[in-house]
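The following exercises are to be worked with the sequence and the structure at hand. Each task is followed by a solution in steps.

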Amino acid sequence: MKYYLFIVITYLLSCIYIQKTYAQTDSQLLKDLRILSSDKFEGRKTGTKGAELARVYLSERFKEIGLKSFGSSFKQPFTFKGDKDANINGINMIGYIPGKTKDVIVISAHYDHLGIINRKIFNGADDNASGVAGLLYLAEYFMKNKPAKTMIFASFDAEEMGLQGAKAFVAQPPVDLNQIRLNINMDMISHNDKGELYVCGTFKYPGLKKYFITDNPNLKVLFGHDDPKQGHDDWTNQSDQAEFNAKNIPFLYFGVEDHKDYHKESDKFQNINKTFFTDAVNAIKTIVSNIDKERDIQKIFREKLKMKKQ
Ligand SMILES: [Zn+2]
């Protein structure tokens, strides 16, 4: 009897242990977000040690994934004028996967954030470690599922200082600007209690709507925040896609509505919605893949019909 009890207790303990280790090992997607928004990176403000550490991390991940670089490294340095005309240096991180045609899609997400303010670290988990983790996830996916179009993965610096990294990228693009068919920008994609992910850009480019086929009932992908009549609620010029739009390059910007932790010290890993984030990134992956393969609603419908007949 005693022996039996011992086995039961050991079994129960092992269950608890397994559950605990399971909770500790998150997916690579969550891990990238968690690491980039940890205190070590000191809020990744442009020109700081924290931003440099973020670049070291990104460089390692780009290499691990197998992205190519345009020059000898993934870095694209640039200079811009800050307050009081002082020169500030920023560095974009750029890698790519070659496609089979001349067409290019630029997938972007800024890695910089606000740094340390009044001795408090602004970790920027949603803004925008989430977008960067999403970018790495897409890079990994398209490395395994080779794209038709060349995919450039651009993690911009100095977005918080006025979209400076994106400005530098379109001023000195690594490929001809007219080869760039589309910019997919991700900025704040991990924090929404209602399961709502917005996509901005289809007001100007309604032709892109036909690629939005997602089958996750827990996620609402909503078109909006892109009508100039909406004033401040039009997000077209509020993140890096604005610089692509200024060059008449079509864009889709994925993001959430402002939340209680927006630009606050509390924008931390523990405050994001992990399931929502994973769902959002998966939906973006499907949409980008549809655009790359030019699989629209009709094509997918025909494919499904064919499968049924078989
Ligand atoms: Zn942002």
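The expected span of a helix is 1.5 Å times one less than its number of residues. The model used throughout is predicted.

**Exercise 1. Determine whether the end-to-end distance of helix H7 agrees with its expected span.**

Solution. Helix H7 covers residues 274-293, which is 20 residues. At 1.5 Å a residue, the helix should therefore span 28 Å. The end C-alpha atoms of H7 are 29 Å apart, so the two values agree. Just beyond the helix, Glu 294 adopts a positive phi of about 50°.

**Exercise 2. List the buried residues of H7.**

Solution. The criterion for a buried residue is 20 or more other C-beta atoms within 10 Å of its own. In H7 the aromatic entries are Phe 276 and Phe 277. The list continues with Asp 279, Ala 280, Val 281, Ala 283, Ile 284, Ile 287 and Val 288. It ends with Asn 290, Ile 291 and Asp 292. As background, an α-helix has 3.6 residues a turn, so residues three or four places apart point the same way.

**Exercise 3. Establish the strand order of the open sheet and identify its edges.**

Solution. The sheet holds 8 strands, in the order E1-E2-E6-E3-E7-E10-E8-E9, with mixed pairing. Strand E1 (75-81) and strand E9 (220-223) are the edges, since each pairs on one side only. From one strand to the next, the twist averages 25°.

At the E1 end, 7 bridges connect E1 with E2, and the two run antiparallel. Phe 80 has Ile 88 in E2 as its bridge partner. The hairpin of E1 and E2 has 5 residues between the strands, and Lys 84 takes a positive phi near 55° there.

**Exercise 4. Compare the directions of the two neighbours of strand E8 relative to E8.**

Solution. Strand E8 (residues 196-200) is joined to strand E10 (residues 251-255) by 3 bridges, and this pair is antiparallel. Within it, Val 199 lies opposite Phe 254, and Cys 200 lies opposite Tyr 253. Towards E9, E8 has 4 bridges, and that pair is parallel. Here Glu 196 has Lys 220 as its bridge partner. E8 is mostly covered, with 4 of its 5 residues buried.

**Exercise 5. Which strands does helix H4 touch, and what does H4 contribute to the largest nonpolar core?**

Solution. Helix H4 (residues 125-144) packs on the sheet and touches E2, strand E3 (104-108), E6 and strand E7 (180-186). The direction of H4 makes about 155° with that of E6.

The largest nonpolar core has 70 residues, of which Ile 107, Leu 135, Ile 152, Phe 153 and Ile 189 touch the most other members. H4 supplies the largest share of this core, 10 residues. Setting aside neighbours within four places in sequence, Leu 135 is in contact with Ile 107, Ala 109, Phe 153, Ser 155 and Met 186.

**Exercise 6. Assess the overall compactness of the protein.**

Solution. The protein has 8 helices and 10 strands. Its radius of gyration is 21 Å, close to the 19 Å that the globule rule gives for 310 residues, so the protein is as compact as a globular protein of that length. The C-alpha trace spans about 80 × 65 × 45 Å along the principal axes. Buried residues make up 43% of the 310 residues. Of the contacts with a separation of 6 or more, 77% are between residues 24 or more positions apart.

Key: Residues are numbered from 1 along each chain as its sequence is written. This is a predicted model: local features need pLDDT of at least 70, side-chain atom pairs count only at pLDDT 80 or more; totals for chains, interfaces and linings use all residues. Two strands pair if DSSP finds at least two bridges between them. Axes are lines fitted to C-alpha atoms, for helices over the stretch in contact, and angles run from 0 to 180 degrees between N-to-C directions. Two residues are in contact if their C-beta atoms, placed from the backbone, lie within 7 Å. The radius of gyration is taken over C-alpha atoms; the globule rule is 2.2 Å times the number of residues to the power 0.38. A residue is buried if 20 or more other C-beta atoms lie within 10 Å of its own, exposed if 12 or fewer, and partly exposed in between; C-beta atoms are placed from the backbone. A nonpolar core is a set of buried Ala, Val, Leu, Ile, Met, Phe, Trp, Tyr and Cys residues joined through C-beta atoms within 7 Å.
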